[in-house]
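Biologist: I would like a close look at one part of this model, with enough of the surroundings to place it. Please start from a single residue and work outward.

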Amino acid sequence: MFTPVVTLDFWNTMVVAKTGGEARRQERTDHLLALVQRYRSDATEDLLADARRTAHARFDAVWKAEHRTLGADNLLRFLWDALALPVTDAEHAETVRIYEESLLVGPPDLTPGLADFVQGVAGRVRLGIISDTMFSPGRVIRRLLDRHGLLDAFDAFAFSDETGCAKPDPRAFATILDATEGAPAQATHVGDLRRTDIAGALDAGWTAIQYTGVHEDAVANGPAPHAVAPDWDAVSAALDAR
């Protein structure tokens with residue numbers, strides 16, 4: 001008999017992405033602008049914003065087409081290319097660190113009821129996280145969860161910067177089953193995005209629950225989940241109904 005496995009998406013499922021966002025953006029912008037101005041006297045926030053849009057477009061194209069996230073290291077290399085900036089290795093490494101750890105400078109709020117849900121299911125199921133990390137890597141997300149006293153509730157993690165693959169790649173889901181000795185028929189994933197969370201879970205043979213408490217993804221963006229949950233009580237009810 002397999003123990004049930006439940007995994008959660010991170011952004012806009014476990015946390016409200018927009019909260020703390022301004023502090024995170026300001027931390028990154030202040031550092032970038034000071035660095036760029038060492039090389040270019042004409043550097044302005046508008047110039048930097050244009051270059052960042054170019055870099056993010058390249059970053060997102062890989063995420064969507066190849067199902068992998070490149071992380072802050074590659075994103076910043078795209079940015080240096082866009083600005084034609086010959087930064088040193090030390091400058092690059094420090095900027096990567098600031099990007100990655102900005103999550104702790106402007107920490108996002110937990111979604112309402114998330115902590116109670118986690119504490120309620122921990123021990124009854126094998127609990128995991130499957131997250132496309134972008135430029136907040138798994139090591140930093142773990143630190144944030146530890147601050148909230150939630151880290152030890154989780155049995156397994158599939159952070160895309162560590163696995164090398166992003167949802168809906170089936171390897172993201174297989175990573176969790178390998179770690180928990182679970183089976184697809186007893187596994188459920190909860191996330192907000194139909195293209196990644198729902199499609200990936202369904203393709204892996206899992207139950208898929210769409211969490212809409214923060215972001216309600218459009219129907220046209222992907223397949224229908226087994227259940228739609230506007231809050232964590234509804235997620236619990238959907239799990240109990242399985």
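**Glu181 and its setting**

Modeller: In this predicted model, Glu181 has a relative accessible area of 65%, over the 50% that marks an exposed residue, and is therefore exposed. Its place in the chain is the loop between α8 and β6 (187–191). The backbone at Glu181 has a positive phi of about 55°, although the residue is not a glycine.

Asn12 also has a positive phi, here about 60°, and is not a glycine either. Asn12 sits in the loop that runs between β1 (5–8) and β2 (15–16). With a relative accessibility of 17%, under the 20% limit, Asn12 counts as buried. To put the two side by side, Glu181 is exposed, whereas Asn12 is buried.

The helix before the Glu181 loop leads to another backbone feature. Helix α8 covers residues 170–180, and the loop between α7 (160–163) and α8 contains Pro168. The peptide bond from Lys167 to Pro168 is cis, and its omega is near 10°. One of the loops flanking α8 thus holds Pro168, and the loop between α8 and β6 holds Glu181.

Elsewhere on the surface there is a patch of negative charge, where Glu27, Asp30, Glu45 and Asp46 gather. Two helices, α1 (21–39) and α2 (45–66), each supply at least two residues of this patch. Asp46 belongs to helix α2. Its relative accessibility is 61%, so Asp46 counts as exposed.

As for the whole, the protein chain has ten helices and eight strands. Its radius of gyration is 19 Å, close to the 18 Å given by the globule rule for 242 residues, so the chain is as compact as a globular protein of that length. The C-alpha trace spans about 65 × 35 × 30 Å along the principal axes. Of the 242 residues in the protein chain, 50% are buried; Asn12 counts as buried, while Glu181 and Asp46 are exposed.

Terms used. Residues are numbered from 1 along each chain as its sequence is written. This is a predicted model: local features need pLDDT of at least 70, side-chain atom pairs count only at pLDDT 80 or more; totals for chains, interfaces and linings use all residues. Side-chain values use heavy atoms; hydrogens and water are left out. Patches are made of residues with over 30% relative accessible area and no salt bridge: like charges are joined within 9 Å, nonpolar side chains (Val, Leu, Ile, Met, Phe, Trp, Tyr) within 5 Å. Accessible areas come from the Shrake-Rupley method with a 1.4 Å probe; for residues, only the protein chains shown count as cover. A salt bridge is a side-chain nitrogen of Lys or Arg within 4 Å of a carboxyl oxygen of Asp or Glu. Lys and Arg count as positive and Asp and Glu as negative; His and the chain ends are not counted. The place of a charge is taken as NZ of Lys, CZ of Arg, CG of Asp or CD of Glu. Helices (H or I, at least four residues) and strands (E, at least two) are DSSP runs, numbered from the N terminus. Buried means under 20% relative accessible area, exposed over 50%, partly exposed in between (1.4 Å probe, protein chains only). The radius of gyration is taken over C-alpha atoms; the globule rule is 2.2 Å times the number of residues to the power 0.38.
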